[in-house]
Structures are given as structure tokens and as C-alpha cells.
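Hi everyone, thanks for making time. Let's get the structure up on the screen, and then I'll walk you through it piece by piece.

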Amino acid sequence: MAPEAPLLSMSGITKSFPGVRALDGVDLDVQAGEVHCLLGQNGAGKSTLIKVLAGAHQPDGGTIHWRGEAVTLRSPIAAMRLGIATIYQELDLVEHMSVAENVHLGHEPTSAGFVVRGKAARTSTGALLKRLGHPEIDPGRLVGDLSAAQQQIVSMARALSHDVRLIVMDEPSAALDPDEVDNLFRIVGTLTAEGVAVVYISHRLEEIRRIGDRVTVLKDGRAVARGLPAKSTPTKDVVALMTGRDVAYVFPARPQAPPAGEPVLRIRRLARDGEFAPLDLDVRPGEIVGLAGLVGSGRSEILETVYGARRPSAGQVLVDGRPLRPGSVRAAVRAGIGLAPEERKAQALLMLESVTRNVSVSTLSRFSRAGWVDRGAERGAARAATRELSLRPDNPDAPVRTLSGGNQQKAVLARWLLRGCRVLLLDEPTRGVDVGARAELYAVVRRLADEGLAVLLVSSEVPEVLGLADRVLVLREGRVVHMAPAQELDEHRVLDLVMEGSPAS
């Protein structure tokens, strides 16, 4: 019997922008009811390809067949009418509108030619949420009041409010904790069982093996592998295809001797009511301490309290033995504490400014005289800091928004390197960063520690915490349930502690 024709077939897709050939003859085929994973480093062409599929970009060449017929996707509306929905990593929901209004935005229910709002829209939305296994989400609630996981469910409901046959999911698990990821995968399984196809994009290779059926790998705008079996293709082979070299999930070697010297950072009975219980912790120069736990376990709140962005309800933070003024970012920065926050685009970077200004923003007084900034000195210092971290491109005048995720993170680290910080706080340092750039960031963090920085690290990815940290604190519901050298732990042990642990004595 002849094989079933693909639901979607993209052949020889090309797309160029000024000075860049983003897609160079890419082929992609997707079967009904499958999860087809699209992999590649930042800049490989994934975003451009899915924007072509979504009708947001027009290809320069190639053909697209949908259900066996040639089609032209002239706009996102045209793609949606065919049954193709795209859920981007940055969800395009309207926060001040209700769940029901977002789900039906642009195609409100009608009766006798008139738009029907209120009860009809809420009823329709409630049915979609129930189909997705989330009847507890109130269709009348404002989207801005929902969690990240709930907002993602709303985006899926909006896609299903059309007669969708293919859903593109761009980094859908980036802001989710393990339980929420499991729920996402359950929903994907329900959809594919109904014949809906999913194109799934993720930097987390362990997810691909769990959720995927087939894999297509992009590199430099080309498809270097098509239709690989997701569950049986070795991770090292996928990484080699993505990067062109044998990188794997590599972490730099730890120092053979434990860090010596007096602690740079001391945390004494630090607490915030309702967020985390009293915590004692020392971090020595050259040491990387990891905090492992679910979203809501208090890990990010601890970092932000140490940094002064949150005021503690009890306890104190000391740097080199000197207590800091509670709840003062200025005091923390002056004492030598730097933070690379979880949401670097919203919380750390000036996206419309140059690399130079992003790196120098915490050190501008060094280059100022009588209210005037010495632009040459500022640029030279920023360039020296970014070169030390191998930031690419080596252009201090480039807008930071044009950099890849990994290089944007390097710009944040260069800021604190230029500032001469003693304590570096890292919250989800590789979120949205591809596997090749991750290895580079790991090497940068380890080198900074080896040069004497004290590092406090938070990550949702347990292998990252175990691979990069020297010592690990496991958090559950705001309390430390275990503390041990990283080499004495494994992923299963940490997850058991996170889910079922009891507070350490």
C-alpha cells in the first residue's frame, strides 16, 4: 500500500534578508497526528521557516503543499483559515482582555450575522478549555492574572477555536516547571490522537526524545537531516548535526580541590514571609553553588532578595563580612553583587541600545566627567569585556536585540565583569540558548569562578545544576530539603527530593 501523503510538505524553501540568506532550499514534511521536532542552533533558520509556514514571511522560492494541494500562505489569516496555527514563545495575548475575548479575538462568535459576546463566547471557550483538560480556568478571568502555564493553555484554546490541523509550538516549555511540562505533553498527546499534527521546537533535547516522533535538523539555513526517529537517534548525533562538531551536553571540569578562603557571600537566616524560610549559606571565592527546585520553591526569590530587589522579612546578607542594607539594589551592586535575571530581555537588557551601552550601564560614572560621557573610553572598556567572553559579533556598536540568546547573556555577564563584581547571581542562565552556545556559557561561568568569583546559580534543568555547580541546595516549598556536593547527587535523586522531600534537620 502506498504511504500516506504528508499533511504538510515544504520543498526547496528559500528566504533572504539584506546580507543574510536565512533559508537555503529547506525541505520539511509533516504527517497528520505526529509530533515533528524542528531543531537547530540560534540562527539556523527555525524562526524564519515557521514564519513562512505561519504566513508572516513570504518565501523567495520553493513550494508549499497542504493536504496534497499547492498553496500560497499570503498572511497569518490565510494560514489559520487553512488550519495552521502558530504559538510563539513570546505569547501574543492581550493581558487586559478576558480569556474568552483572547480566544475569539478576530473571529468572535456570531448569530444571524451579529457578533455575540458574553455568555456565548464564555461557553465556547469553556468547552475548548475542557477539551484541553483545564476546565478550572475561568473564561471571564483577565489573561494578565493567569500564570505562564495557564496563558499557554489559552493560546492553545485560541488555536483550537479554528479548525486547526497543525499547531507550531515554539519553545513551549521554556517557562514551565516539570509538572507543567508533563501536562503540556499530555495535551499534545490528546491532540495528536485526534489527528492534529504538531511541529515542536525546543532547545531541551531530553524533551525531544519524550515527545517527538521525527526530527528535522537545520544548520545555517539548510536541512542537514530530515525525518530522523526522535526516540532512537543518539543525542550526540543530533548535537553534532546542529553544531558541526561533537559538543554534547558538556560541562567544564570542576577544580580538584574544594574552594578555599573566607566566604565572599554569607547569608544568615535570610527569609521572606510566604516565599522562603530562614536560610543560612556561605559561598566562597571560586565556588559555584546551585539551587534546584520547582517554580515556586523560592529559588528565584532568594536570588532577588540577595540582590536587594526584594526586601527580606528577616536575616541579612554579607559581602566580605560587611552586612548590606536590606532591600537595596544600589547597596548590593556597590558591594560587588551582580545579577543575570531569568527574563534578561525584560529585566536586564536595553534592547534598543548598543552592546556598549548595555555593558557599561552599571559603570557609566567611570567614563563621565562633568556630566559628559567619554564615548571612546566607554566603547573600549565594553569591547575589552565582551572580547574576554568571546561575544559575537565582535561589534560593540551592534544593537543588543540583534544578538542571539547566548550572546545577549554574555552581554549581561560582561556588564558585571566590567563592574568588577565579586558575587555573580545567575537565574536560568541558558534559557532560550541553543546547545552549542550553552557549552560556551558553561565554560565562561566556570572560568569566572576559577578567577575568584562566588557564583549562586538557579536553573530549572537539573542536569545543568548538577553539571555546573560544585555544591547543590535542593529547595521544596521555600525550604532547603537537602544539601550536598553535586557529584554525590543524580537527577533522579534531586527530583525525588523536590517532589517528596521533607525539610532538612
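**Sheets, cores and ring pairs**

Let's begin with one small pairing: His65 has Ala70 as its bridge partner in strand 5. Before I go on, please keep in mind that this is a predicted model.

So where does that pairing sit? Strand 4 and strand 5, which covers residues 69-71, run antiparallel and are joined by three bridges. The two strands make a hairpin with two residues between them, and in the turn you'll find Arg67, with a positive phi of about 55°.

Now zoom out a little. This hairpin belongs to an open sheet of four strands, in the order 2-1-4-5, with antiparallel pairing. Which strands stand at the edges? Those are strand 2 (20-30) and strand 5. Each has a single partner strand, so one side of each is left without a neighbour in the sheet. Ignoring direction, neighbouring strands here are turned by 30° against each other on average.

Let's go through the other pairings in this sheet. Strand 1 (residues 8-17) and strand 4 (residues 61-66) run antiparallel, with five bridges joining them. If you want one to click on, Met10 has Ile64 as its bridge partner in strand 4. Strand 1 and strand 2 are joined by eight bridges, and they run antiparallel too. There, the partner of Ser16 in strand 2 is Arg21.

What lies across this sheet? Helix 1, residues 46-53, lies across strand 1, strand 2 and strand 4. It runs at about 120° to strand 1.

A quick bit of background for the first-years: strands of a sheet pair through backbone hydrogen bonds, either parallel or antiparallel.

On to another sheet. This one is open, has six strands in the order 6-9-10-3-11-12, and its pairing is mixed. At its edges are strand 6 (84-87) and strand 12 (222-229); each has a single partner strand, so one side of each has no neighbour in the sheet. From one strand to the next, the twist averages 15°.

Over at the strand 12 end, strand 11 (residues 214-219) pairs with strand 12 in the antiparallel sense over five bridges. Look for Val215, which stands opposite Leu228 in strand 12.

And which helix packs on this sheet? Helix 6 does, touching strand 3 (35-39), strand 9 (166-170) and strand 10. The direction of helix 6 makes about 150° with that of strand 10.

That helix brings me to the aromatic rings. How many aromatic pairs does the structure hold? Three. I'll show you two of them, starting with Phe185 and Tyr200. Their ring centres are 6.2 Å apart and their planes are at 70°, so we call the pair edge-to-face. Phe185 is in helix 6 (residues 178-193) and Tyr200 is in strand 10 (residues 197-201), so the pair ties together parts that are 15 residues apart in sequence. Are these two buried or exposed? Phe185 is buried, and Tyr200 is as well.

The next pair is Tyr307 with Trp416. Here the centres are 6.3 Å apart and the planes are at 80°, so this pair is edge-to-face. Tyr307 lies in the loop between helix 9 (299-306) and strand 16 (314-319), while Trp416 lies in helix 14 (residues 405-419), so the pair ties together parts 109 residues apart in sequence. Tyr307 is buried, at a relative accessible area of 12%, and Trp416 is buried at 3%.

Let's finish with the inside of the protein. In soluble globular proteins, nonpolar side chains tend to be buried together. The largest nonpolar core here has 79 residues, and those with the most contacts inside it are Leu265, Val306, Ile337, Leu424, Leu425 and Val472. Which helix gives the most to this core? Helix 15 (residues 435-450), with seven residues.

Take Leu425 as an example. Leaving aside neighbours within four places in sequence, its contacts include Leu303, Val306, Ile337 and Leu456, and Tyr307 from our ring pair is among them. There's also a second, separate core of 45 residues, which includes Val198, Ile211, Ala230 and Val238.

Last stop: the cysteines. How many disulfides does the structure hold? Zero. Cys37 is buried, with 0% relative accessibility, and Cys421 is buried at 7%.

That's the tour, so over to you for questions.

How values were computed. Residues are numbered from 1 along each chain as its sequence is written. Side-chain values use heavy atoms; hydrogens and water are left out. Rings of Phe, Tyr and Trp (its six-membered ring) pair if their centres lie within 6.5 Å; planes under 30 degrees apart count as stacked, over 60 as edge-to-face and the rest as tilted. Buried means under 20% relative accessible area, exposed over 50%, partly exposed in between (1.4 Å probe, protein chains only). A nonpolar core is a set of buried Ala, Val, Leu, Ile, Met, Phe, Trp, Tyr and Cys residues joined through side-chain atoms within 4.5 Å. Contact means heavy atoms within 4.5 Å. A disulfide is a pair of cysteine sulfur atoms within 2.5 Å. Two strands pair if DSSP finds at least two bridges between them. Axes are lines fitted to C-alpha atoms, for helices over the stretch in contact, and angles run from 0 to 180 degrees between N-to-C directions.
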